[in-house]
Amino acid sequence: MKQAGDFYLEAAGEGEPWGERPLGAPEARALQEVLRQRVRLTPLPRRPRLVGGADAVCDREERLIFGAVAVFTYPELELVEEAAVSGLCPFPYRTGLLSFREAPILAAACRRLGRAPDLLLVDGQGVAHPRGLGLASHLGILLDLPTLGVAKSRLLGEAGEPDAAQGSQTALMWQEQVVGLVLRTRTGVKPLYLSPGHRCTLEEAVDLVMGCLKGFRLPEPLRRADRLSRKLRAHCRSLTG
DNA sequence: GCGACAG
DNA sequence: ATCTTGTCGC
């Protein structure tokens, strides 16, 4: 059994969940339209005991990508385990197509976990996406895991500015629908953009994210995953040059 | 054509 | 996302 703090190097550039052939942007968008049919915004069966966070970073040349996941107990917020993997970057960044770049490496990292979390926070949008399939939703479908999108900025939609106080929130509207919410996780800092990914609802999102805070703007599972992915990138840099 | 645009 | 200097606040 791996211990918290360990991380792993592993080639994860092959076997993207959408197939062997490299996808073009039009094909990727078409695939999103198909996969969106599988998104289910149902409540969590119970209060989660394990909450994970998933984040990915690329190297400067956009050749490699590093994905990490960190799992904490909830609501105690004690680190249970974490995993990180590296791979070839499978897709360029394109607005609305982020999941084709990051979902494979994040899925690979999650599969290294000894136990799946009850909820996974993902650094990106859930259904607040042009085709209803942001990174959190796509990853949730791939892993069949409850996911919540926790983005640091807005992709689409309109929302009022939440009050400066911690916990203030406003609805994120798009096409006459509430697709997410804007949440002030710390007094006076830029708010986060939450939207359900898969097998979870917007209503439970606020309490869960607020319950994962430890005095910073980002919830702990995401902070930890961010740190770990960067740590793996630095490690791989030191091996190469 | 113009502006917007997760990471 | 990355690059990048100093700067402000705890």
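## Burial and a salt bridge across the chain

A residue is called buried when its relative accessible area is under 20%, exposed when that area is over 50%, and partly exposed in between. In this predicted model, Glu82 has a relative accessible area of 3%, and it is therefore buried. Arg224, by contrast, reaches 25% relative accessibility, so that it counts as partly exposed.

These two residues form a salt bridge with each other, and their closest N and O atoms are 3.0 Å apart. The pair links distant parts of the chain, since Glu82 belongs to strand E3 whereas Arg224 belongs to helix H5 (residues 220-239), with their positions 142 residues apart in the numbering.

## Other salt bridges

The count of salt bridges in the model comes to 10, and two further examples can be described here. In one of them, the side chains of Arg230 and Asp226 meet at 3.0 Å, taken from N to O. Both residues lie in helix H5, and because they are four residues apart there, about one helical turn separates them. Arg230 has a relative accessibility of 39% and so counts as partly exposed.

In the other example, the side chains of Glu33 and Arg36 meet in a salt bridge with an N to O distance of 3.3 Å. Glu33 is partly exposed, with a relative accessible area of 37%, and Arg36 is likewise partly exposed, with a value of 33%.

## The nonpolar cores

In soluble globular proteins, nonpolar side chains tend to be buried together. The largest nonpolar core of this model has 25 residues, and those with the most contacts inside it are Val69, Leu106, Leu120 and Leu139. At least two residues of this core come from each of strand E1 (50-58), strand E2 (64-73), strand E3 (79-88), helix H2 (98-111), strand E4 (119-122) and helix H3 (135-143). Helix H2 gives the most to the core, with seven residues.

The surroundings of Leu120 can be followed residue by residue. When residues up to four places away in sequence are not counted, Leu120 touches Gly52, Gly53, Ala54, Val69, Cys110, Leu139, Leu145, Pro146, Thr147 and Leu148. Apart from the largest core lies another core, of 21 residues, among them Leu77, Leu148, Leu183 and Ala205.

## The largest pocket

Rolling a probe the size of a water molecule over the atoms shows where empty space is left. The largest pocket has a volume of about 430 Å³. It is lined by 23 residues, of which Tyr93, Leu98, Asp123, Gly124 and Gln125 are the closest to its centre.

Strand E1 and helix H2, which also contribute to the largest core, each supply at least two residues of the lining of this pocket. Sorted by class, the lining of the largest pocket consists of nine nonpolar, eight polar and six charged residues.

## The second largest pocket

The second largest pocket holds about 270 Å³ of space. Its lining has 18 residues, and those that lie nearest its centre are Leu41, Val127, Gly132, Val178 and Val179.

Strand E7 (residues 177-183) provides the largest share of this lining, with three residues. By class, the lining of the second largest pocket has 10 nonpolar, five polar and three charged residues.

How values were computed. Residues numbered from 1 in each chain as written. Chains lettered and ligands numbered in written order. Predicted model: local features only at pLDDT ≥ 70, side-chain atom pairs only at ≥ 80, totals over all residues. Heavy atoms only, no water. Core = buried A, V, L, I, M, F, W, Y, C linked by side-chain atoms within 4.5 Å. Buried < 20%, exposed > 50% of the residue type's maximum accessible area, 1.4 Å probe, protein only. Contact = heavy atoms within 4.5 Å. 1 Å grid on protein atoms, 1.4 Å probe; cavity = no way out; pocket = protein on both sides within 12 Å on 5 of 7 lines; lining within 4 Å. Points joined across faces, edges and corners; volume = space filled by probe spheres on them. Nonpolar A, V, L, I, M, F, W, Y, C, P; charged D, E, K, R; others polar. Salt bridge = Lys/Arg side-chain N within 4 Å of Asp/Glu carboxyl O.
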